[in-house]
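This report describes the nonpolar packing, the ligand site and one buried polar contact of the structure shown below.

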Amino acid sequence: MRQSINRATHTPSGQASKPLYPPAPRPQKAPLGPFTMLRLLRRNPIETWTEAHFQLPILIGPTILGQVAVLNDPAAIRRVFVDNASNYHKDRLQKRILGPGLGQSVLIAEDADWRLQRRILAPLFTPKTVATFAKATQECASEMVARWQRLPEESPLDIHQEMTKITLEILGRTLFADGLDRRPEEVTAAMTRYFETIGSLDPFDLLDLPNWLPRWNQWRAKSALDFLGDTVSALISRRKRLLARGVPNLQRDLLTLLLEAEDPETGVGLTETEVQANIVAFIGAGHETTANALTWSLYLLSLSEEWRARLAAEADRVLDMPVESQAEHLIETRAVIEEAMRLYPPVASLSREALDYDDLAGRRIRKGTVVMVSQWVLHRHRLLWEDPDRFDPTRFLPGQREKIDRFAYLPFGAGPRVCIGAGFAMQEATLVLAQILRAVRLETKKGFKAEPVQHITLRPRGGMPMILHHRLQRHGKIRH
Ligand code: HEM
């Protein structure tokens, strides 16, 4: 159902603000030929969508990826991800791209293997456990902001780099109780290299050529994966030594859970390869995504004086409360993050392969069809959103939020394989954003236009250069 909202918005001085349409590639007028398609899939997959995709509930047809159905019908999406989820597996292309590093992890595993891993990991992500991560999150954010406050007024900052760094630090202090050991910059660099390499899709994968043919991308990604593998091996060995010595008060973090896990039915634990793959999966899935959500939120705020002022005022009100209850009071901050993830979804497409035929949105789906839901398209679909390309966080304020169809907005996916870290990510993003807005104002250079590019996650091409202005002086006084 199309969302209808009263959109009167105002600047802090009370004037009506101009509607804001942040940058996005223009949809193609007509379907692309195979060569242009191949080139754009490698360069930036979000540039391949046509006007019809943004207007129709379903489009099915042969493509260079085989038979593909692109779904934008909430009821049909619900069928694929919930009601008939057992008929859909992760598709060949996804498995091929992510397989070498993550094949044995919860991200890619299927059926019984997946269920076991998900069950093992669940205790780390209950709302109660996630709430205990608030303090470490806040500490990391205050340290980052304090570092910025030591910089001169108008210092340049690459906000994408900064957000990638802080989200990794937060992961290191929450899911990995004794840290990530190596210098976080090195881990971030390896992760970025890995995603950038595998994210610019390999032509051999796109053409579905056999696995034994060597892939240029896999070869380039190898050094990053080797580095991450070594880092994780070192973490595992250190932790095994501590567990063997029976060190008291060892926090039950991700590593302990994975190492001590046992299937309740068979008593079998995870293999070392599975433990490793899951650690790499969590480092990957758990920081780049949240970093992008924060980066795009800060970009949109740099374009909207009204929302920047509203969020700064909210941060001033809420950040003196006990840290565990701050996130639930950061209501407008959360609305901005949700709107940023609508316009710039960190995970910009989901795909599945039909194991058997199905009927979706009135069309027959053949066995083997790849069913795609692109959040980039879905979140800007003409049938589902009013004024879809406009930045308007009021859509997500209480009273309006409930009107959004659960299956029209999927930043974290849906169904049994919904993002396990969604609560963790939202708490983290709201706390970090509020700390930033209380202390500083970030502006982009005049004339700068961000370019979203989908390389596994949706990131700004070339980073997000911004200019720092101090709002809160170090002794806590607000500048006006
Ligand atoms: C804004 C931040 C995040 C976004 C937008 C995001 C998005 C997603 C999406 C869309 C999926 C579903 C993929 C599919 O169905 O094919 C997913 C799965 C997953 N996410 Fe996240 N994620 C975020 C943060 C996190 C964090 C912080 C963690 C862990 C600390 C995490 C761990 C995972 C894992 C392990 C899965 C696989 C779940 C399964 O298959 O059972 N994510 N994420």
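In this predicted model, the largest nonpolar core comprises 121 residues. The residues with the most contacts inside this core are Trp148, Met163, Leu175, Ile436 and Leu442. Helix H12, spanning residues 272–303, gives the most to this core, contributing 14 residues. A second, separate core has nine residues, among them Ala315, Val318, Val323 and Ala434. In soluble globular proteins, nonpolar side chains tend to be buried together.

Leu175 illustrates the packing in the largest core. When neighbours within four places in sequence are left aside, Leu175 is in contact with Leu124, Phe125, Phe133, Asp253, Leu254, Leu255, Phe282 and Phe424.

**Ligand site**

The ligand is surrounded by 26 residues, of which Trp114, Arg118, Arg352, Arg417 and Cys419 are the closest. By class, this shell consists of 17 nonpolar, five polar and four charged residues. Helix H4 (111–121), H12, strand E5 (350–354) and H17 each supply at least two residues of the shell. H12 gives the most, with five residues; this helix also gives the most to the largest nonpolar core.

Which protein residue is a donor of the iron atom of the ligand? Cys419 is the only protein donor, and its SG atom is placed at 2.3 Å from the iron. Cys419 belongs to the loop between helix H16 (375–378) and helix H17 (422–439).

Three arginine side chains have polar atoms close to oxygen atoms of the ligand, as tabulated here.

| Side chain | Ligand atom type | Distance |
|---|---|---|
| Arg118 | oxygen | 2.7 Å |
| Arg352 | oxygen | 2.7 Å |
| Arg417 | oxygen | 2.9 Å |

Arg118, Arg352 and Arg417 are also among the closest residues of the surrounding shell.

**A buried histidine**

His470 lies in strand E12, which covers residues 465–470. Is His470 buried or exposed? The relative accessible area of His470 is 13%, so this residue counts as buried, the cut-off being under 20%. A polar atom of the His470 side chain lies 2.7 Å from the backbone oxygen of Leu151. The buried His470 side chain therefore has a polar contact with the backbone of Leu151, since the cut-off for such a pair is within 3.5 Å.

Terms used:
Residues are numbered from 1 along each chain as its sequence is written. This is a predicted model: local features need pLDDT of at least 70, side-chain atom pairs count only at pLDDT 80 or more; totals for chains, interfaces and linings use all residues. Side-chain values use heavy atoms; hydrogens and water are left out. Donors are N, O and S atoms within 2.8 Å of the metal (3.2 Å for Na, K and Ca); water is not among the atoms, so sites may look incomplete. Helices (H or I, at least four residues) and strands (E, at least two) are DSSP runs, numbered from the N terminus. A nonpolar core is a set of buried Ala, Val, Leu, Ile, Met, Phe, Trp, Tyr and Cys residues joined through side-chain atoms within 4.5 Å. Buried means under 20% relative accessible area, exposed over 50%, partly exposed in between (1.4 Å probe, protein chains only). Contact means heavy atoms within 4.5 Å. A residue is near a molecule or strand if one of its heavy atoms lies within 4 Å of it. A polar contact is a pair of N or O atoms within 3.5 Å; within protein, one must be able to donate a hydrogen and the other to accept it, and residues adjacent in sequence count only if both atoms are side-chain atoms. Ala, Val, Leu, Ile, Met, Phe, Trp, Tyr, Cys and Pro count as nonpolar, Asp, Glu, Lys and Arg as charged, and the others, Gly among them, as polar.
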